[in-house]
Amino acid sequence: MPVHEITDPDDDRIADYRALTDVELRTRWEPPHGLFIAEGELVLRRALRAGYPARSYLVDAKRVDQLADLDTGDTPVYAASPDVLQRATGFHVHRGVLASFHRRLLPSADEVLAAARRVVILEDVNNHTNLGAVFRGAAALGIDAVLLSPTCADPLYRRSVRVSMGEVFAVPYAKLDSWPAGLDQVRAAGFTVLAMTPAPDAVPMQRLTPAQRERAALLLGAEGPGLTAAAQAASDVRVVIPMRRGVDSLNVAAAAAVAFWELGRDDLL
(Lines give C-alpha, C1' and ligand atoms only; values in the text may rest on other atoms or scores of the structure.)
Protein backbone atom coordinates (compact mmCIF):
# COMPACT_ATOMS: atom_id res chain seq x y z
CA MET A 1 0.00 0.00 0.00
CA PRO A 2 1.86 3.12 -1.21
CA VAL A 3 1.74 5.92 1.38
CA HIS A 4 2.28 9.59 0.57
CA GLU A 5 3.69 11.74 3.35
CA ILE A 6 2.05 15.10 3.99
CA THR A 7 4.05 17.75 5.82
CA ASP A 8 2.10 20.88 4.84
CA PRO A 9 -1.47 21.27 6.21
CA ASP A 10 -2.29 23.43 3.17
CA ASP A 11 -1.26 20.71 0.71
CA ASP A 12 -3.95 20.64 -2.01
CA ARG A 13 -3.91 16.85 -2.03
CA ILE A 14 -5.78 16.87 1.29
CA ALA A 15 -8.17 19.70 0.46
CA ASP A 16 -11.12 17.37 1.17
CA TYR A 17 -10.18 17.39 4.86
CA ARG A 18 -9.67 21.09 5.40
CA ALA A 19 -11.52 22.84 8.27
CA LEU A 20 -13.71 19.88 9.19
CA THR A 21 -15.16 21.72 12.21
CA ASP A 22 -16.56 24.57 10.10
CA VAL A 23 -20.14 23.39 9.46
CA GLU A 24 -20.98 26.18 7.02
CA LEU A 25 -17.82 25.60 4.98
CA ARG A 26 -18.31 21.84 4.93
CA THR A 27 -21.93 22.25 3.84
CA ARG A 28 -20.77 24.37 0.92
CA TRP A 29 -17.92 21.97 0.06
CA GLU A 30 -19.08 18.38 0.57
CA PRO A 31 -22.46 17.92 -1.19
CA PRO A 32 -21.54 20.06 -4.24
CA HIS A 33 -18.31 18.06 -4.64
CA GLY A 34 -20.14 14.78 -4.13
CA LEU A 35 -18.11 13.71 -1.09
CA PHE A 36 -18.36 13.01 2.61
CA ILE A 37 -15.84 12.37 5.36
CA ALA A 38 -15.67 9.26 7.54
CA GLU A 39 -13.87 9.48 10.87
CA GLY A 40 -12.43 6.44 12.61
CA GLU A 41 -11.45 3.00 11.37
CA LEU A 42 -14.76 1.32 12.23
CA VAL A 43 -16.82 3.93 10.36
CA LEU A 44 -14.41 3.87 7.42
CA ARG A 45 -14.72 0.10 7.06
CA ARG A 46 -18.51 0.24 7.30
CA ALA A 47 -18.59 2.79 4.48
CA LEU A 48 -16.46 0.48 2.34
CA ARG A 49 -18.66 -2.53 3.12
CA ALA A 50 -21.72 -0.49 2.14
CA GLY A 51 -20.15 0.08 -1.27
CA TYR A 52 -19.14 3.74 -1.06
CA PRO A 53 -16.03 4.34 -3.22
CA ALA A 54 -13.11 5.95 -1.37
CA ARG A 55 -11.50 9.10 -2.81
CA SER A 56 -8.55 9.14 -0.41
CA TYR A 57 -7.40 8.19 3.08
CA LEU A 58 -5.69 10.47 5.59
CA VAL A 59 -4.13 8.84 8.65
CA ASP A 60 -1.82 9.53 11.54
CA ALA A 61 1.59 8.32 10.34
CA LYS A 62 1.79 6.02 13.36
CA ARG A 63 -1.49 4.29 12.40
CA VAL A 64 -0.83 3.43 8.78
CA ASP A 65 -0.71 -0.27 9.67
CA GLN A 66 -4.40 -0.15 10.64
CA LEU A 67 -5.22 0.00 6.94
CA ALA A 68 -2.62 -2.53 5.82
CA ASP A 69 -5.22 -5.21 5.01
CA LEU A 70 -7.28 -2.93 2.74
CA ASP A 71 -7.05 -3.20 -1.01
CA THR A 72 -6.74 0.52 -1.64
CA GLY A 73 -6.06 0.11 -5.36
CA ASP A 74 -5.41 3.50 -6.93
CA THR A 75 -6.93 5.41 -4.01
CA PRO A 76 -4.20 7.54 -2.43
CA VAL A 77 -3.24 7.03 1.21
CA TYR A 78 -1.84 10.13 2.90
CA ALA A 79 -0.01 10.08 6.23
CA ALA A 80 0.84 13.03 8.46
CA SER A 81 1.90 13.85 11.98
CA PRO A 82 -0.79 14.64 14.59
CA ASP A 83 0.21 18.32 14.43
CA VAL A 84 -0.27 18.51 10.65
CA LEU A 85 -3.58 16.66 10.93
CA GLN A 86 -4.84 19.08 13.55
CA ARG A 87 -3.78 22.16 11.58
CA ALA A 88 -5.41 20.83 8.42
CA THR A 89 -8.68 19.61 9.91
CA GLY A 90 -9.13 22.08 12.75
CA PHE A 91 -9.32 19.51 15.53
CA HIS A 92 -7.26 16.82 17.22
CA VAL A 93 -7.89 13.66 15.19
CA HIS A 94 -7.71 11.34 18.18
CA ARG A 95 -9.04 8.36 16.20
CA GLY A 96 -6.15 8.87 13.81
CA VAL A 97 -8.00 7.76 10.68
CA LEU A 98 -10.03 9.77 8.17
CA ALA A 99 -11.27 8.99 4.69
CA SER A 100 -13.00 10.91 1.95
CA PHE A 101 -15.71 9.03 0.07
CA HIS A 102 -17.77 9.60 -3.05
CA ARG A 103 -21.49 10.00 -2.41
CA ARG A 104 -24.05 7.88 -4.24
CA LEU A 105 -27.28 9.02 -5.82
CA LEU A 106 -30.10 8.91 -3.30
CA PRO A 107 -33.02 6.61 -4.05
CA SER A 108 -36.44 8.17 -4.47
CA ALA A 109 -38.89 8.18 -1.59
CA ASP A 110 -41.10 5.76 -3.53
CA GLU A 111 -38.22 3.28 -3.90
CA VAL A 112 -37.45 3.44 -0.19
CA LEU A 113 -41.10 3.07 0.81
CA ALA A 114 -41.65 0.10 -1.50
CA ALA A 115 -38.99 -1.92 0.35
CA ALA A 116 -39.95 -0.91 3.89
CA ARG A 117 -42.39 -2.05 6.56
CA ARG A 118 -41.72 0.69 9.13
CA VAL A 119 -40.14 4.08 8.52
CA VAL A 120 -39.29 7.21 10.45
CA ILE A 121 -39.89 10.66 8.98
CA LEU A 122 -37.96 13.66 10.30
CA GLU A 123 -39.09 17.26 10.01
CA ASP A 124 -36.50 20.05 10.38
CA VAL A 125 -34.07 17.89 12.38
CA ASN A 126 -30.92 19.90 11.74
CA ASN A 127 -28.79 18.87 14.72
CA HIS A 128 -26.21 16.44 13.36
CA THR A 129 -25.75 14.63 16.67
CA ASN A 130 -29.48 13.96 17.00
CA LEU A 131 -29.70 12.91 13.37
CA GLY A 132 -26.89 10.39 13.74
CA ALA A 133 -28.43 9.00 16.93
CA VAL A 134 -31.80 8.54 15.21
CA PHE A 135 -30.12 6.54 12.44
CA ARG A 136 -28.34 4.35 14.98
CA GLY A 137 -31.60 3.72 16.83
CA ALA A 138 -33.39 2.96 13.56
CA ALA A 139 -30.79 0.36 12.63
CA ALA A 140 -30.90 -1.28 16.05
CA LEU A 141 -34.65 -1.27 16.64
CA GLY A 142 -36.28 -2.42 13.42
CA ILE A 143 -36.89 0.73 11.39
CA ASP A 144 -36.34 0.02 7.70
CA ALA A 145 -35.80 3.51 6.30
CA VAL A 146 -35.56 7.22 7.09
CA LEU A 147 -37.34 9.99 5.18
CA LEU A 148 -36.20 13.58 5.53
CA SER A 149 -38.03 16.86 5.08
CA PRO A 150 -36.23 19.37 2.81
CA THR A 151 -34.77 21.29 5.78
CA CYS A 152 -33.19 18.35 7.61
CA ALA A 153 -29.45 18.15 8.14
CA ASP A 154 -27.17 16.04 5.96
CA PRO A 155 -26.93 12.43 7.27
CA LEU A 156 -23.47 12.13 5.70
CA TYR A 157 -22.01 15.08 7.57
CA ARG A 158 -19.02 13.83 9.60
CA ARG A 159 -20.64 14.22 13.03
CA SER A 160 -23.83 12.45 11.96
CA VAL A 161 -21.83 9.59 10.49
CA ARG A 162 -19.69 9.29 13.63
CA VAL A 163 -22.58 9.42 16.10
CA SER A 164 -24.46 6.82 14.08
CA MET A 165 -21.37 4.57 14.22
CA GLY A 166 -21.69 4.22 10.45
CA GLU A 167 -25.34 3.11 10.55
CA VAL A 168 -26.22 5.92 8.12
CA PHE A 169 -24.71 3.56 5.56
CA ALA A 170 -26.93 0.66 6.61
CA VAL A 171 -30.36 2.35 6.78
CA PRO A 172 -31.76 3.55 3.43
CA TYR A 173 -32.90 7.15 3.37
CA ALA A 174 -34.50 9.57 0.95
CA LYS A 175 -35.84 13.11 0.85
CA LEU A 176 -39.45 14.19 0.61
CA ASP A 177 -39.13 17.18 -1.70
CA SER A 178 -42.60 18.55 -1.02
CA TRP A 179 -43.48 19.31 2.60
CA PRO A 180 -45.81 18.50 4.26
CA ALA A 181 -47.57 17.36 1.08
CA GLY A 182 -45.01 14.56 0.84
CA LEU A 183 -46.79 12.83 3.70
CA ASP A 184 -49.59 12.04 1.23
CA GLN A 185 -47.00 10.09 -0.76
CA VAL A 186 -46.18 8.05 2.35
CA ARG A 187 -49.85 7.38 3.04
CA ALA A 188 -50.43 6.37 -0.60
CA ALA A 189 -47.73 3.72 -0.15
CA GLY A 190 -49.86 2.10 2.56
CA PHE A 191 -48.38 3.61 5.71
CA THR A 192 -50.13 5.11 8.72
CA VAL A 193 -48.47 8.42 9.61
CA LEU A 194 -48.00 8.70 13.38
CA ALA A 195 -47.10 12.22 14.55
CA MET A 196 -45.25 12.32 17.87
CA THR A 197 -46.30 15.15 20.16
CA PRO A 198 -46.53 15.76 23.92
CA ALA A 199 -50.10 17.05 23.48
CA PRO A 200 -52.39 15.77 26.27
CA ASP A 201 -55.03 14.56 23.80
CA ALA A 202 -52.59 12.41 21.79
CA VAL A 203 -52.96 8.62 21.78
CA PRO A 204 -50.50 6.79 24.08
CA MET A 205 -48.25 4.70 21.87
CA GLN A 206 -49.02 1.46 23.66
CA ARG A 207 -52.71 1.87 22.74
CA LEU A 208 -52.15 1.89 18.99
CA THR A 209 -54.13 -0.78 17.18
CA PRO A 210 -52.38 -3.64 15.34
CA ALA A 211 -53.44 -2.06 12.05
CA GLN A 212 -51.83 1.26 13.00
CA ARG A 213 -48.62 -0.51 13.98
CA GLU A 214 -48.40 -2.79 10.96
CA ARG A 215 -47.03 -0.25 8.47
CA ALA A 216 -46.15 2.69 10.64
CA ALA A 217 -44.46 5.90 9.53
CA LEU A 218 -43.33 7.63 12.70
CA LEU A 219 -43.09 11.41 12.30
CA LEU A 220 -40.77 13.40 14.60
CA GLY A 221 -39.85 17.07 14.73
CA ALA A 222 -36.81 19.07 15.72
CA GLU A 223 -35.49 19.47 19.24
CA GLY A 224 -37.46 22.20 21.00
CA PRO A 225 -40.19 23.24 18.57
CA GLY A 226 -41.27 19.70 17.72
CA LEU A 227 -43.57 19.09 14.78
CA THR A 228 -45.17 21.99 12.97
CA ALA A 229 -48.94 22.33 13.09
CA ALA A 230 -49.05 21.66 9.33
CA ALA A 231 -47.19 18.36 9.72
CA GLN A 232 -49.45 17.27 12.57
CA ALA A 233 -52.53 18.14 10.55
CA ALA A 234 -51.24 16.05 7.64
CA SER A 235 -50.72 12.97 9.84
CA ASP A 236 -53.21 10.17 10.55
CA VAL A 237 -52.80 9.82 14.32
CA ARG A 238 -51.08 11.98 16.93
CA VAL A 239 -49.24 9.81 19.43
CA VAL A 240 -47.45 10.40 22.72
CA ILE A 241 -45.00 8.57 24.97
CA PRO A 242 -46.60 8.83 28.44
CA MET A 243 -44.30 10.68 30.85
CA ARG A 244 -43.91 10.79 34.62
CA ARG A 245 -42.75 13.30 37.26
CA GLY A 246 -43.87 16.28 35.23
CA VAL A 247 -41.46 15.69 32.33
CA ASP A 248 -43.20 16.73 29.13
CA SER A 249 -40.82 15.39 26.47
CA LEU A 250 -37.55 13.66 25.65
CA ASN A 251 -34.63 14.50 23.42
CA VAL A 252 -35.73 13.67 19.86
CA ALA A 253 -33.23 10.82 19.52
CA ALA A 254 -34.26 9.32 22.87
CA ALA A 255 -37.95 9.66 22.02
CA ALA A 256 -37.32 8.03 18.65
CA ALA A 257 -35.58 5.04 20.27
CA VAL A 258 -38.43 4.50 22.74
CA ALA A 259 -41.00 4.74 19.96
CA PHE A 260 -39.04 2.42 17.66
CA TRP A 261 -38.93 -0.22 20.38
CA GLU A 262 -42.62 0.15 21.14
CA LEU A 263 -43.61 -0.25 17.48
CA GLY A 264 -41.54 -3.41 17.12
CA ARG A 265 -42.00 -4.96 20.55
CA ASP A 266 -44.08 -7.86 19.23
CA ASP A 267 -41.68 -8.74 16.42
CA LEU A 268 -40.02 -12.13 16.61
CA LEU A 269 -36.27 -11.73 17.12
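**Pro225 and helix 5: a short tour**

Let's start with one residue. Pro225 counts as exposed, because its relative accessibility is 66%, and the cut-off for exposed is over 50%. Keep in mind that this is a predicted model.

Where does Pro225 sit? It is in a loop. Strand 11, residues 216-220, lies on one side of that loop, and helix 9, residues 229-233, on the other. Now look at Asp124. Along the chain, Pro225 and Asp124 are 101 residues apart. In space, their C-alpha atoms are separated by 9.5 Å.

Next, the annotation. UniProt, in an unreviewed entry, places a domain at residues 119-260. The feature reads "tRNA/rRNA methyltransferase SpoU type". In the model, the end C-alpha atoms of residues 119-260 lie 9 Å apart. That span is 32% helix and 19% strand.

On to helix 5. It covers residues 128-140, so 13 residues, by the DSSP runs used here. From first C-alpha to last, helix 5 reaches 19 Å, close to the 18 Å expected.

How does helix 5 begin? Asn127 caps its N-terminal end. A side-chain oxygen of Asn127 lies 3.0 Å from the backbone nitrogen of Thr129. And what follows helix 5? Gly142 does, with a positive phi near 85°.

Which residues of helix 5 are buried? The list is His128, Asn130, Leu131, Gly132, Val134, Phe135, Gly137 and Ala138. Several elements help cover them. Among the helices are helix 1 (23-33), helix 6 (158-163) and helix 10 (252-263). Among the strands are strand 6 (119-122), strand 7 (145-148) and strand 8 (173-175).

To recap: Pro225 is exposed, while helix 5 has buried residues, including Phe135.

Notes: Residues are numbered from 1 along each chain as its sequence is written. This is a predicted model: local features need pLDDT of at least 70, side-chain atom pairs count only at pLDDT 80 or more; totals for chains, interfaces and linings use all residues. Side-chain values use heavy atoms; hydrogens and water are left out. Helices (H or I, at least four residues) and strands (E, at least two) are DSSP runs, numbered from the N terminus. The expected span of a helix is 1.5 Å times one less than its number of residues. Buried means under 20% relative accessible area, exposed over 50%, partly exposed in between (1.4 Å probe, protein chains only). Contact means heavy atoms within 4.5 Å. A polar contact is a pair of N or O atoms within 3.5 Å; within protein, one must be able to donate a hydrogen and the other to accept it, and residues adjacent in sequence count only if both atoms are side-chain atoms. UniProt positions are given in the numbering used here, feature names are shortened, and annotations may be inferred rather than shown by experiment.
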